[in-house]
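Hi,

Here is the structure I promised to pass on. Have a look at it first, and then read my notes below.

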Amino acid sequence: MTVDARKIRLLMALRRNGVTDTRVLAAIERVPRELFVPDPFQDQAWEDTALPIELGQTISQPLVVALMTQALELEERQAVLEVGTGSGYQAAVLSRLCRRVYTVERLLPLLAEAEKRFRALRLDNITTRHGDGTKGWPERAPFERILVTAAGGPEAPKDLTDQLAVGGVMVIPLGDGYRGQRVVRIRRTETGLTREDLWPVRFVPLLSDPPSPPGTE
């Protein structure tokens, strides 16, 4: 099966499973997922499945990427904070839909590889940072949209909700333990935060401490 045929099959599967936003579907179609997938898994790049990447992390299932992006209700002139750059695939999809993406990653080797991919694709509206994503990006706050691609605990980190603009939307996996996670949509209103549970999911945990440099442990 050709890449184009696999891509069409994936897009049809996304539609069947609730991805109705045509802008999101177009962004998924335009971002070459094979550039974000390690060589041993190239034959699965356009399959609707999560795949392993370096340092024990994963590139998310396309359906999860599409549904979480759709849940953001993203508009073209908005800026997005992404917590957890990973392979860079989610940031690349977001970059096709908004004015600017600010993305934070705690694992420097992953960030370096993601930055290479952004340059190769000429995605000039993505700004990266190596650091603790749970602290957000205070200098650029408030954000109209925040997307977290790792699982928090029962509640979203306060530093992140504090950086959400009034009228803003955050999408984040929350829950107790690996099997109890749900994607949650949080909105900031004039009077506070509202929370909407969306669907079950499994993500790697959201960690706050950057790993120690080699040889220091």
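How many residues in the lining of the largest pocket are nonpolar, how many polar and how many charged? Keep that in mind while I cover the basics. This is a predicted model, with a mean pLDDT of 92 for the protein chain; 94% of the residues reach 70 or more. Among the elements, helix H4 (residues 89–95) has the highest mean pLDDT, at 98, and strand S2 (residues 58–59) the lowest, at 92. The stretch to watch is residues 212–217, where the pLDDT is below 50. Beyond near neighbours in sequence, that stretch has one contact in the model. Where pLDDT is low, the predicted coordinates should not be read in detail.

On the overall fold: the chain has six helices and nine strands. Its radius of gyration is 16 Å, close to the 17 Å that the globule rule gives for 217 residues, so the chain is as compact as a globular protein of that length. The C-alpha trace spans about 50 × 45 × 35 Å along its principal axes.

One piece of the fold to look at is the hairpin formed by S8 and S9, with two residues between them. Strand S8 covers residues 182–189 and strand S9 residues 192–200; they pair in the antiparallel sense over eight bridges. Within this pair, valine 183 of the chain stands opposite tryptophan 199 in S9.

Now back to the pocket. The largest one holds about 410 Å³ of space. It is lined by 29 residues, and Gln57, Gly84, Gly86, Glu105 and Thr149 are the closest to its centre. S2, H3, strand S3 (79–83), H4 and strand S4 (100–105) each give two or more residues to the lining. As for the opening question, the split is 15 nonpolar, eleven polar and three charged.

The second largest pocket has a volume of about 170 Å³. Ten residues line it, and Ala50, Thr58, Ser60, Arg202 and Phe203 lie nearest its centre. By class, that lining has six nonpolar, three polar and one charged.

There is also one cavity of 30 Å³ or more, with a volume of about 50 Å³. Its lining is made up of Asp21, Arg23, Val24, Thr69, Gln70, Glu73, Leu74 and Leu97, which divide into three nonpolar, two polar and three charged. Helix H2 (22–30) and helix H3 (62–71) each supply at least two of the lining residues.

Cheers

How values were computed
Residues are numbered from 1 along each chain as its sequence is written. This is a predicted model: local features need pLDDT of at least 70, side-chain atom pairs count only at pLDDT 80 or more; totals for chains, interfaces and linings use all residues. Side-chain values use heavy atoms; hydrogens and water are left out. pLDDT is the predictor's confidence in each residue, from 0 to 100. Helices (H or I, at least four residues) and strands (E, at least two) are DSSP runs, numbered from the N terminus. Contact means heavy atoms within 4.5 Å. Two strands pair if DSSP finds at least two bridges between them. On a 1 Å grid over the protein atoms alone, a cavity is a set of points where a 1.4 Å probe fits but cannot get out, and a pocket is an open set with protein on both sides within 12 Å along at least five of seven lines; lining residues have an atom within 4 Å of a point. Grid points are joined across faces, edges and corners, and a volume is the space filled by probe spheres set on the points. Ala, Val, Leu, Ile, Met, Phe, Trp, Tyr, Cys and Pro count as nonpolar, Asp, Glu, Lys and Arg as charged, and the others, Gly among them, as polar. The radius of gyration is taken over C-alpha atoms; the globule rule is 2.2 Å times the number of residues to the power 0.38.
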